[in-house]
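Hi there,

Here is the structure I promised to pass on to you. Have a look at it first, and my notes follow below.

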Amino acid sequence: GKVAFIAGVADTTGYGWAIARELANAGATIVVGTWPPVLKMFNMALKKKATDEAKKLDDGSLMEIAKIYPLDAMFDVPEDVPDDVKSNKRYAGVEGYTIEECVEAVKKDYGQVDILVHSLANGPEVTKPLLETSRKGYLAASSASAYSLVSMVQRFGPIMPKGGAVISLSYVAAVRTIPGYGGGMSSAKVRSTHPHLEFKHAPAFCVDSHLLRPKAQLESDTRTLAYEAGRKYGIRVNTISAGPLKSRAASAIGG
Ligand code: ZID
């Protein structure tokens, strides 16, 4: 069977979970990368009976996550991790969470990854308009949300077979301004046509929230990575423009 690594799963409400379940339905072995600060919470939630419904596959069986790797996509190699992160309570007891260490661990356990899913984004100043965003905040959002894909393709590429697939999640605001799509949309009732991606409230976004800005980078990088990694490793690199989903990340922005 195929091995799918999904980066950016920490609960059952986001895209990462829904994609994991579809890949599990299709018979893939599911391994995930989870942000250290939410790792404990995710492990606890997975043990609860209440999570069974979200795990249910089409054949009635429950999805199994074969392994959860700690992964902080802000860091490529151990030298990148600053002391304040190392000593942070939220990272206590977690090790080997840089992208390079994560790929090494996955390689050791599974040998190869057939499908790589990048389902993560973050930005410390996400609620601010661009006009008030600091350089530090802007670059941190790009680092977590866009460069992380470049780094992951660099490092997973060598353990992906020819024909392997990389997919990430983008947002239409990367390429088009959506007039009127601000706080006023927060109570709009929208229903996804996809049965597993059902949500009741469209998240309220300011279109120029700088969390969305790295999506333009992501889309541009996807084209270049498809060219380069296609030639180097024979893998495909694509991004999907996601519809609105009431995930934890979307709620944090004000959905
Ligand atoms: P999620 O909270 O399930 O996933 C984000 C994950 O990233 C979480 O598990 C975090 O722990 C993790 N994470 C954060 N920082 C780091 C880090 N440094 N290292 C590792 N992991 C980290 O939320 P989600 O499912 O919304 O997000 C998954 C992907 O979908 C992200 O790339 C989103 O930008 C993308 N996406 C989501 C939506 C949405 O509605 N939820 C939209 C577009 C793209 C969208 O907002 N019209 C209006 C709005 C939208 C689309 C169309």
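In this predicted model, Ile-6 has Val-32 of strand E2 as its bridge partner. That pair belongs to the E1 and E2 pairing, where the two strands run parallel and are joined by five bridges. E2 is largely enclosed by the rest of the structure, because five of its six residues are buried.

Moving out from there, the open sheet has six strands in the order E3-E2-E1-E4-E5-E6, with parallel pairing. E3 (65-70) and E6 stand at the edges with a single partner strand each, so each has one side without a neighbour in the sheet. From one strand to the next, the twist averages 20°.

At the E6 end, E5 and E6 run parallel and are joined by seven bridges. One residue to look up there is Tyr-171, whose bridge partner in E6 is Ala-242.

Two helices on the sheet are worth a look together. H5 (residues 99-110) packs on the sheet and touches E1, E2 and E3; the direction of H5 makes about 155° with that of E3. H6 (135-156) lies across E1, E4, E5 and E6, and runs at about 165° to E4.

How do H5 and H6 pack, and at what angle? Their axes are 10 Å apart and the angle is about 35°, with a right-handed crossing. On the H5 side the contact involves Ile-99, Glu-100 and Val-103, which meet Ser-151, Met-152, Arg-155 and Phe-156 of H6. Sorted by class, that contact has four nonpolar residues, one polar and two charged.

Next, helix H1 (residues 15-25), which is mostly covered, with eight of its 11 residues buried. The buried ones are Tyr-15, Gly-16, Trp-17, Ala-18, Ile-19, Ala-20, Leu-23 and Ala-24. What covers them includes the strands E1 (3-7), E2 (29-34), E4 (115-118), E5 (165-171) and E6 (236-242), along with helix H3 (52-55). If you step just past H1 in the viewer, you will come to Gly-27, which takes a positive phi of about 100°.

H1 also comes up at the ligand. Which elements each supply at least two residues of the shell around it? They are H1, E5 and helix H8 (248-253), and H8 gives the most, with three residues. In total 30 residues surround the ligand, and the closest are Gly-14, Leu-120, Asn-122, Ser-247 and Ala-249. By class, the shell is made up of 21 nonpolar, seven polar and two charged residues.

I also looked at two loop positions. The loop between E4 and H6 holds Pro-129. Is Pro-129 buried or exposed? Pro-129 is exposed, because there are 12 other C-beta atoms within 10 Å, and a residue counts as exposed at 12 or fewer. Measured against the chain, so to speak, Pro-129 and Val-113 are 16 residues apart in sequence, while their C-alpha atoms are 38 Å apart in space.

The second position is Gly-234, in the loop between helix H7 (213-233) and E6. Gly-234 is partly exposed, because 13 other C-beta atoms lie within 10 Å. Leaving out residues up to four places away in sequence, Gly-234 touches Lys-162 and Gly-163. Gly-234 and Ile-30 are 204 residues apart in sequence and 22 Å apart in space, C-alpha to C-alpha.

Finally, the overall picture. The protein chain has eight helices and six strands, and along the sequence these follow the pattern β-α-β-α-α-β-α-α-β-α-β-α-β-α. Of its 255 residues, 39% count as buried. Among contacts in the chain with a separation of 6 or more, 77% are between residues 24 or more positions apart.

Do write back with any questions once you have had a look.

Best wishes

Key
Residues are numbered from 1 along each chain as its sequence is written. This is a predicted model: local features need pLDDT of at least 70, side-chain atom pairs count only at pLDDT 80 or more; totals for chains, interfaces and linings use all residues. A residue is buried if 20 or more other C-beta atoms lie within 10 Å of its own, exposed if 12 or fewer, and partly exposed in between; C-beta atoms are placed from the backbone. Helices (H or I, at least four residues) and strands (E, at least two) are DSSP runs, numbered from the N terminus. Two residues are in contact if their C-beta atoms, placed from the backbone, lie within 7 Å. Two strands pair if DSSP finds at least two bridges between them. Axes are lines fitted to C-alpha atoms, for helices over the stretch in contact, and angles run from 0 to 180 degrees between N-to-C directions. A residue is near a molecule or strand if its C-beta atom, placed from the backbone, lies within 6 Å of it. Ala, Val, Leu, Ile, Met, Phe, Trp, Tyr, Cys and Pro count as nonpolar, Asp, Glu, Lys and Arg as charged, and the others, Gly among them, as polar. A crossing is left-handed if the near helix is turned anticlockwise from the far one by less than a right angle, and right-handed if clockwise.
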